[in-house]
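Student: I want to see how each label on a structure is earned. Can we go through it step by step?

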Amino acid sequence: GLDVIASVSGGKDSTALILALREAEIPARFIFSDTGWEAQETYDYLDLLRERLGIKIGVVGHPGGMVAKIRARAGFPTRMARWCTVELKVQPLRAWHDAYIARTGRETVNTVGVRAEESASRAKLPEVDDEPQGSLTWGGWVWRPLLRWSVEDVLRIHQRHGIPVNPLYQR
């Protein structure tokens, strides 16, 4: 089997993912990719999830975060050069998975709270995929258990567990 590693952003979908895995009694580890550029409300919300759900949420990221990357590249990310997601989130997370596999000898599945409703490109994604390593691909197993969920499904699971959504969504 694969060890379930859930990517957590502090958003409503990744929180729904945590809650859905709990409901299904699927053991998982939770990892947050920190850009160093998140709103304070998101860091506070992750602490709320840790406390209310009694879970550990590990943190990975590039040393110095977004500021260090901008300085090193002498430029900001743009629509045409979306290096920030790859270099600040995907690469540190991939390195964490690789270290976990090396340490435990167990293969992992990167589990994400992506929903088809969010975009046309996401609607085309499979629920389970073994992506080859590439510049914009994961290079391993990916599971999207919430792919067919509606925003109502996401809000309902929050309500069932008495967990508020991140306050940034209420603004």
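What follows is a dialogue that sets values against cut-offs.

Tutor: Start with the status: this is a predicted model. The chain holds six helices and six strands. From the N terminus on, the elements run β-α-β-α-β-α-α-β-α-β-β-α.

Student: What makes the sheet open, and which strands are its edges?

Tutor: Take the order, which is β3-β2-β1-β4-β6-β5. Strands β3 (57-60) and β5 (128-133) each pair on one side only, and they are the edge strands. The six strands thus form an open sheet, with mixed pairing. From one strand to the next, the twist averages 35 degrees.

Student: How do you know that β1 pairs with β4?

Tutor: Pairing needs at least two bridges. Four bridges join β1 (residues 3-8) to β4 (residues 108-111). That meets the cut-off, so the two strands count as paired. They run parallel. V4 stands opposite V109 in β4.

Student: What about β1 and β2, and which residue stands opposite A6?

Tutor: Five bridges join β1 to β2. The threshold of at least two is met here as well, so this is also a pair. These strands run parallel too. F30 in β2 is the residue opposite A6.

Student: Why is β1 called largely enclosed?

Tutor: Six of the six residues of β1 are buried, so the rest of the structure largely encloses the strand. Buried means under 20% relative accessible area.

Student: Which way do the side chains of β1 point?

Tutor: D3, I5 and S7 point one way, while V4, A6 and V8 point the other way. All of them are buried. In a regular strand, side chains alternate between the two faces of the sheet.

Student: Why is T108 called buried?

Tutor: T108 has a relative accessible area of 3%. The cut-off is under 20%, so T108 qualifies as buried. T108 lies in strand β4. Leaving aside neighbours within four places in sequence, T108 is in contact with L2, D3, I5, H97, Y100, I101 and W141.

Student: How far apart are the C-alpha atoms of T108 and V4?

Tutor: They are separated by 6.0 Å, although the two residues are 104 apart along the chain. For the chain as a whole, take contacts between residues at least 6 apart in sequence: 67% of them join residues at least 24 apart.

Student: Is E25 buried or exposed, and what value decides?

Tutor: E25 is exposed, with a relative accessible area of 71%. Exposed means over 50%, so the value clears the threshold. E25 sits in the loop between α1 and β2. E25 has a positive phi of about 55 degrees although it is not a glycine.

Student: How much of the chain counts as buried?

Tutor: Of its 171 residues, 41% count as buried. The accessible surface comes to about 9500 Å², and 54% of that belongs to carbon and sulfur atoms.

Student: Now the helices. Which strands does α1 lie across, and which does α2?

Tutor: Helix α1 (residues 12-23) lies across β1, β2 (28-33), β4 and β6 (138-143). Helix α1 runs at about 150 degrees to β1. Helix α2 (residues 40-53) lies across β1, β2 and β3, at about 150 degrees to β3.

Student: What makes α1 oblique to α6?

Tutor: The axes of α1 and α6 (residues 151-161) cross at roughly 60 degrees and come within 9 Å. That makes α1 oblique to α6. Roughly parallel would need an angle under 35 degrees, and roughly perpendicular 65 to 115. The crossing is left-handed. Residues making the contact include K12, A16 and L19 of α1 and V154, I157 and H161 of α6.

Student: Why is α1 called roughly parallel to α2?

Tutor: Their axes cross at roughly 15 degrees and come within 12 Å. That makes α1 roughly parallel to α2. The limit for this label is under 35 degrees. Here α1 passes α2 in a right-handed crossing. The contact is made by T15, I18, L19 and R22 of α1 and Y45, L49 and L53 of α2.

Terms used. Residues numbered from 1 in each chain as written. Predicted model: local features only at pLDDT ≥ 70, side-chain atom pairs only at ≥ 80, totals over all residues. Heavy atoms only, no water. Axes fitted to C-alpha atoms, helices over the stretch in contact; angles between N-to-C directions. Contact = heavy atoms within 4.5 Å. Buried < 20%, exposed > 50% of the residue type's maximum accessible area, 1.4 Å probe, protein only. Areas by Shrake-Rupley, 256 points an atom, 1.4 Å probe, with all protein chains shown as cover. Parallel < 35°, antiparallel > 145°, perpendicular 65-115°, else oblique. Left-handed = near helix turned anticlockwise from the far one by under 90°.
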